[in-house]
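Please find below a short note on the aromatic pairs and one strand residue, set out as numbered points.

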Amino acid sequence: MPFKQFFVLSRSQTEKITNLIRYNNMDLTGRIIAVLPAQSGVSARTGNSWMSQDYVIEVPGQYPKRCVFRIFGEDRIKQFNLQMNEDVTVQFDIDAHEYQGRWFNDVRAYNIIRGQVAPVAAAPVAGAEPFPPQAAAAPAAEAPFPPASDAPAEGSADDLPF
């Protein structure tokens with residue numbers, strides 16, 4: 001009979017686990033390459049005004065990656081005050097929503113850390129050795145593999161042709 005074990009977590013433990021899952025490695029470090037126009041409106045549901053602004057970050061590397069992210073709220077837009085060509089780390093959440101049968105991703109920044117640049121992989125230098133030098137080579141008399149054994153007798157368990 002299998003034994004089932006249940007855990008009861010306190011509210012603070014549940015929140016800590018949720019935050020670990022939610023915020024674990026959800027960040028990009030790179031350069032802001034586009035600041036898109038701010039969008040604003042009035043919520044039909046609550047009647048409150050809202051504002052958001054989209055930005056594009058480019059993560060350096062051999063094949064640079066780009067990502068559009070959104071900052072929601074006029075106060076956060078002013079607080080972060082992102083500018084073109086600024087090096088930042090963007091911490092974000094990803095969520096999806098459905099509209100008329102189609103699904104859309106929403107990448108929302110919740111924190112910006114300034115002045116951090118992702119390390120760029122160094123390009124290989126012409127003529128450089130890709131591996132560290134090895135110890136002196138073995139004498140030519142020693143073969144790198146054990147000597148080949150005689151062919152197995154007919155009907156033995158090892159009758160592979162090689």
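**Aromatic pairs and their surroundings**

1. Two aromatic pairs are found when the whole structure is searched. The model is a predicted one.

2. In one pair, the ring centres of Trp50 and Phe72 are 6.3 Å apart and the planes meet at 15 degrees; with planes under 30 degrees apart counting as stacked, this pair is therefore stacked. Trp50 belongs to strand β3 and Phe72 to strand β4 (residues 65–72), so the pair ties together parts that are 22 residues apart in sequence. Trp50 is partly exposed, at 32% relative accessibility. Phe72 is likewise partly exposed, with a relative accessible area of 37%.

3. Tyr55 and Phe69 make up an aromatic pair that is also stacked, with 5.5 Å from centre to centre and 20 degrees between the planes. This pair links distant parts of the chain, since Tyr55 lies in strand β3 and Phe69 in strand β4, 14 residues apart. Tyr55 and Phe69 are both buried.

4. Phe72 has a further partner: the charged end of Arg108 sits over the Phe72 ring, 4.6 Å from the ring centre.

5. Strand β3 (residues 49–59) also holds Ser52. Is Ser52 buried or exposed? Its relative accessibility is 2%, and because buried means under 20%, Ser52 counts as buried. Leaving aside residues up to four places away in sequence, Ser52 touches Ala38, Gln39, Arg70, Ile71, Phe72 and Ile77. Phe72 thus appears in three settings: in the stacked pair with Trp50, beneath the charged end of Arg108, and among the contacts of Ser52.

Key:
Residues are numbered from 1 along each chain as its sequence is written. This is a predicted model: local features need pLDDT of at least 70, side-chain atom pairs count only at pLDDT 80 or more; totals for chains, interfaces and linings use all residues. Side-chain values use heavy atoms; hydrogens and water are left out. Helices (H or I, at least four residues) and strands (E, at least two) are DSSP runs, numbered from the N terminus. Buried means under 20% relative accessible area, exposed over 50%, partly exposed in between (1.4 Å probe, protein chains only). Contact means heavy atoms within 4.5 Å. Rings of Phe, Tyr and Trp (its six-membered ring) pair if their centres lie within 6.5 Å; planes under 30 degrees apart count as stacked, over 60 as edge-to-face and the rest as tilted. A charge sits over a ring if NZ of Lys or CZ of Arg is within 6 Å of the ring centre and within 35 degrees of the ring normal.
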